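Please open the model in your viewer and keep a selection panel at hand. The tour below moves from the whole chain to single residues, one selection at a time.

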Amino acid sequence: MKDITTSVQIVLAQHCNGNRRPRLFGGQLMAWIDVTGAVAARRWAKAEVTTVCVDNLTFEKPAYLNDIIVQEACVTWTGNTSLEVRVDTYVERETRERINRAYAVFVALDENEKPTRVPEFIPETQEEMDEYAMAVERKVMRMQFQLNQ
Ligand SMILES: CC(C)(COP(=O)(O)OP(=O)(O)OC[C@H]1O[C@@H](n2cnc3c(N)ncnc32)[C@H](O)[C@@H]1OP(=O)(O)O)[C@@H](O)C(=O)NCCC(=O)NCCS
């Protein structure tokens, strides 16, 4: 994937729940996903962005106090004013293990806080083409979900 935005954190006491062995608090991971995703979106859009939705917050594996957390975010799809970003979160110990993959949609805003066009994302590699095709399916699912609400 091109134009990857990376962020790195250490899990500190204030990021953890109160378990006997303190684990990273899910809400903290969600906040980091939002920030890393927004930076990737802003870099692509060259504009301010706002979060419209975040899909798939399944916490696959735990992270613990003092773990190193690495996030990688990249654009997977663009519409007119919206864009989808994939954010992968890893725990880095002896090896790097993915603990979450989330897809977030952002909308670019102009100086009047109105949605504004984003540069088109054209997938080039096979991975980008596969992600793009799945992003189109996710877009349809989100629209159906919205209609049913
Ligand atoms: C995002 C926001 C600016 C969109 O405004 P809007 O008047 O609904 O604008 P539009 O209907 O023209 O939609 C703009 C784009 O967002 C997309 N969109 C809107 N709702 C969506 C949703 N639930 N899921 C995915 N995309 C969505 C539209 O498809 C459109 O994309 P496109 O231009 O690429 O085709 C507005 O809903 C908003 O400000 N929401 C609050 C966002 C916020 O504050 N986030 C921080 C967390 S609280």
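What follows is a sequence of stops, each with something to select and a description of what is there.

**The whole chain**

Begin with the full cartoon, bearing in mind throughout that this is a predicted model. Coloured by secondary structure, the protein shows 2 helices and 5 strands, and a walk along the sequence meets them in the pattern β-α-β-β-β-β-α. If you orient the C-alpha trace along its principal axes, the spans come to about 45 × 35 × 30 Å. The radius of gyration is 16 Å, which agrees with the value near 15 Å that a compact globule of 149 residues would have.

Now switch on the surface, of which about 8800 Å² is exposed, with carbon and sulfur atoms supplying 51% of that area. Of the 149 residues, 40% count as buried. If you display contacts between residues at least 6 apart in sequence, 68% of them join residues at least 24 apart, and several of the stops below involve pairs from separate parts of the sequence.

**Strand β1 and a nonpolar patch**

Select V8, I10, L12 and I68 together and show them on the surface, where these side chains make a nonpolar patch of about 320 Å². I10 belongs to strand β1, which covers residues 5-10, and it counts as partly exposed because its relative accessibility is 43%.

Then move to Q9, also in strand β1, which is partly exposed with a relative accessible area of 25%. Setting aside residues up to four places away in sequence, Q9 touches W32, D67, I68 and I69, so that I68, a member of the patch, appears again among the contacts of Q9. Measure from the C-alpha of Q9 to that of N66 and you should find 9.4 Å, although 57 residues separate the two in sequence.

**The loop between β2 and β3**

Stay with N66, which sits in the loop between β2 and β3, the latter strand running over residues 68-78. What is the sign of phi at N66? The angle is positive, at about 80°, although N66 is not a glycine. With a relative accessibility of 59%, N66 counts as exposed.

In this loop between β2 and β3, select Y64 as well. Is Y64 buried or exposed? Y64 counts as buried, since its relative accessibility is 13%. Show the residues around Y64, leaving out those up to four places away in sequence, and you will find contacts with V11, R21, P22, R23, L24 and R93. A further distance to draw runs from Y64 to Y90, whose C-alpha atoms are separated by 12 Å, with their positions 26 residues apart along the chain.

**Helix α1**

Next, select residues 26-45, which form helix α1, and pick out T36 within that helix. T36 counts as buried, given a relative accessibility of 4%. Apart from its neighbours within four places in sequence, T36 is in contact with T5, S7, Q71, A73 and V87. T5 and S7 in that list fall within the residue range of strand β1, while Q71 and A73 fall within that of β3.

Moving along helix α1, stop at W44 and add F121 to the selection. How many aromatic pairs does the structure hold? There is 1, and it is formed by the rings of W44 and F121, whose centres are 5.6 Å apart and whose planes meet at 65°, so the pair is edge-to-face. This pair links distant parts of the chain, as W44 lies in helix α1 and F121 in the loop between β5 (96-109) and α2 (126-148), 77 residues apart. Both partners count as buried, W44 at 16% relative accessibility and F121 at 2%.

**Just past helix α1**

For the last stop, select K46 in the loop between α1 and β2, a strand that covers residues 48-55. K46 has a positive phi of about 55° although it is not a glycine, a feature that can be viewed alongside the positive phi of N66. K46 is exposed, with a relative accessible area of 72%.

How values were computed
Residues numbered from 1 in each chain as written. Predicted model: local features only at pLDDT ≥ 70, side-chain atom pairs only at ≥ 80, totals over all residues. Heavy atoms only, no water. Patch = residues over 30% accessible without salt bridge, like charges linked within 9 Å, V, L, I, M, F, W, Y side chains within 5 Å. Areas by Shrake-Rupley, 256 points an atom, 1.4 Å probe, with all protein chains shown as cover. Salt bridge = Lys/Arg side-chain N within 4 Å of Asp/Glu carboxyl O. Helix = DSSP H or I, 4+ residues; strand = E, 2+ residues; numbered from the N terminus. Buried < 20%, exposed > 50% of the residue type's maximum accessible area, 1.4 Å probe, protein only. Rg over C-alpha atoms; globule rule 2.2 N^0.38 Å. Contact = heavy atoms within 4.5 Å. Phe/Tyr/Trp six-rings, centres within 6.5 Å; stacked < 30°, edge-to-face > 60°.
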